[in-house]
Amino acid sequence: MSGFGRRLRREFLLEPGVDFINHGSFGAPPLSVLAAAERWRSQMEANPDGFLRDVLPEALRSAVAELARFLQADPADLVFVENATAAANVVLRSLEFKPGDEILLNSQSYGAVRQAVRFVCDRTGAKSVEPHVRVPVRDAAELLAELAGALSRRTRLLIVDHISSPSGVIWPLAEAVALARSHGARVLVDGAHAPGQLELDLPALGADWYAGNCHKWLFAARGCGFLWSARDAQAHLHPLAISHAYGRGFAAEFDWTGTRDFSAWLAAGAGIRFLTELGVQAARRYCHGLAVAAAERIARAWGEPLGGPPAFHGFMMAIRLPPHWQGAPTRESAAQLQSWLMREQRIAVAIMPMEGALWARLSAQIYNEPSDYERLLELGLRRPG
Ligand SMILES: Cc1ncc(COP(=O)(O)O)c(C=O)c1O
């Protein structure tokens, strides 16, 4: 019998009675990580002056070093930030764009990142280009063809997801990076969902920048994201808040951006240890297997398609909702249904508009088991009235 499933729910604060099948949106830290963060907070509050001046700099770099080992990166190329949104903003707002420059996204790009691109385009006259990615995704060639068709000599920056938010599809990153390079474009990977789901060797990806989260799939306390930068892409990178260390180099500038609570960053290693003690490979096999089995079972019962073939997914899969749950395919109606499912049914699941329809995106985490997905399946079969 696997050690995963319901019995691990007691390692988390998750409220009883809720089918929690949306780890992907905000994550959920284990109690041991919350306790580690609390220990750092208590140490800080016992002597704020001593801690923030004398203890923090080294403690922070040790925490970075532990995360860097997990990501197979050099700690000098890695900094903590609040979240993946902040990391993407750092890159977008540090680069200098001019009218006519293009920033390449796609129709699956994350909404907040799209808005950050809009902001930069509004200020600089650069233009965002967003080829349409068909869902269900059929194969890697199709994804790459969309990018290839949209790349041009004007493309300054490609922003590509490691794992797309609405569909949960894993992108063929090495090929996407090579394509961008062949057009002279720089590459920012939006890796919000990848750390913890996928084996990572950040330098080997060949990208310029990687924006990631530890608070989604790496069991960190909330507010724990990171930015990795290739060495030759660090020179013009600055944090969103410029502070004392301006001009003193990548790590120094990001390690202090003003007074804040550093506990989530300092406790990042506790999340990595939680995962490694469970067994990284075993946890991955369990979560991927569970996500695929649950999604395939629901898709069969509903007679609806999946967002892509199982091999293209980690721990998240999307299924188109049945007709009686289809309203306007907008973010507002998706949000309404998602709130109704939480409020009235106690089911935490992500509902997303894609391809002119509403879809459910399921997550599988080590505390989930097949029964967690049954009530959603049953509800989807019920016709109103
Ligand atoms: C692809 C992608 N990028 C960025 C983010 C933003 O993550 P955060 O809210 O932690 O900044 C998300 C969140 O779900 C995401 O799915």
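In the classes used here, Ala, Val, Leu, Ile, Met, Phe, Trp, Tyr, Cys and Pro count as nonpolar, Asp, Glu, Lys and Arg as charged, and the others, Gly among them, as polar. The exercises below concern a predicted model.

**Exercise 1. The largest cavity**

Determine which residues line the largest cavity, and how the lining divides by class.

Solution.
- Step 1. The structure holds one cavity of 30 Å³ or more. The volume of the largest cavity is about 50 Å³.
- Step 2. Its lining is made up of G196, W217, F219, L275, V280, A283, R284, C287, F315 and Q365.
- Step 3. Sorting by class gives seven nonpolar, two polar and one charged residues.
- Step 4. Helix α11 (residues 280–302) supplies the largest share of this lining, four residues.

**Exercise 2. The second largest pocket**

Identify the element that gives the most to the lining of the second largest pocket.

Solution.
- Step 1. The space in the second largest pocket amounts to about 230 Å³.
- Step 2. Two elements give two or more residues to the lining of this pocket, namely α3 (48–71) and α8 (250–255).
- Step 3. The lining residues are L52, L56, P57, L60, R61, H244, A245, R248, A252, D255 and W256.
- Step 4. With five residues, α3 gives the most to the lining.
- Step 5. By class, seven residues of the lining are nonpolar, one is polar and three are charged.

**Exercise 3. The surroundings of the ligand**

Establish which residues surround the ligand, and how much of the ligand the protein buries.

Solution.
- Step 1. Around the ligand stand N83, A84, T85, Y110, S165, D190, A192, H193, N213, H215 and K216.
- Step 2. This shell has three nonpolar, six polar and two charged residues.
- Step 3. Polar side-chain atoms are then examined against oxygen atoms of the ligand, with a limit of 3.5 Å for a polar contact. For T85 the distance is 2.5 Å, for K216 it is 2.7 Å, and for N83 it is 3.5 Å.
- Step 4. The ligand taken alone exposes 390 Å², of which the protein buries 90%.

**Exercise 4. An aromatic pair**

Classify the pair formed by F12 and F274, and state where in the chain each ring lies.

Solution.
- Step 1. A search of the whole structure yields 14 aromatic pairs.
- Step 2. In the pair of F12 and F274, the rings are 5.8 Å apart centre to centre, with 90 degrees between the planes.
- Step 3. Planes over 60 degrees apart count as edge-to-face, and the pair of F12 and F274 is therefore edge-to-face.
- Step 4. F12 belongs to the segment before β1 (19–20), and F274 to helix α10 (residues 268–278). The pair thus links distant parts of the chain, 262 residues apart.

**Exercise 5. Backbone exceptions**

Locate the cis peptide bond between V135 and P136, and the residue R346 with its positive phi.

Solution.
- Step 1. Most residues other than glycine have a negative phi, and most peptide bonds are trans.
- Step 2. The peptide bond joining V135 and P136 is cis, with omega about 0 degrees. P136 is placed in the loop between β4 (127–129) and α6 (140–150).
- Step 3. R346 is not a glycine, yet its phi is positive, about 60 degrees. R346 lies in the loop between α12 (331–345) and β10 (347–348).

Conventions. Residues numbered from 1 in each chain as written. Predicted model: local features only at pLDDT ≥ 70, side-chain atom pairs only at ≥ 80, totals over all residues. Heavy atoms only, no water. 1 Å grid on protein atoms, 1.4 Å probe; cavity = no way out; pocket = protein on both sides within 12 Å on 5 of 7 lines; lining within 4 Å. Points joined across faces, edges and corners; volume = space filled by probe spheres on them. Near = heavy atom within 4 Å. Polar contact = N/O pair within 3.5 Å; in protein donor to acceptor, adjacent residues only side chain to side chain. Areas by Shrake-Rupley, 256 points an atom, 1.4 Å probe, with all protein chains shown as cover. Phe/Tyr/Trp six-rings, centres within 6.5 Å; stacked < 30°, edge-to-face > 60°.
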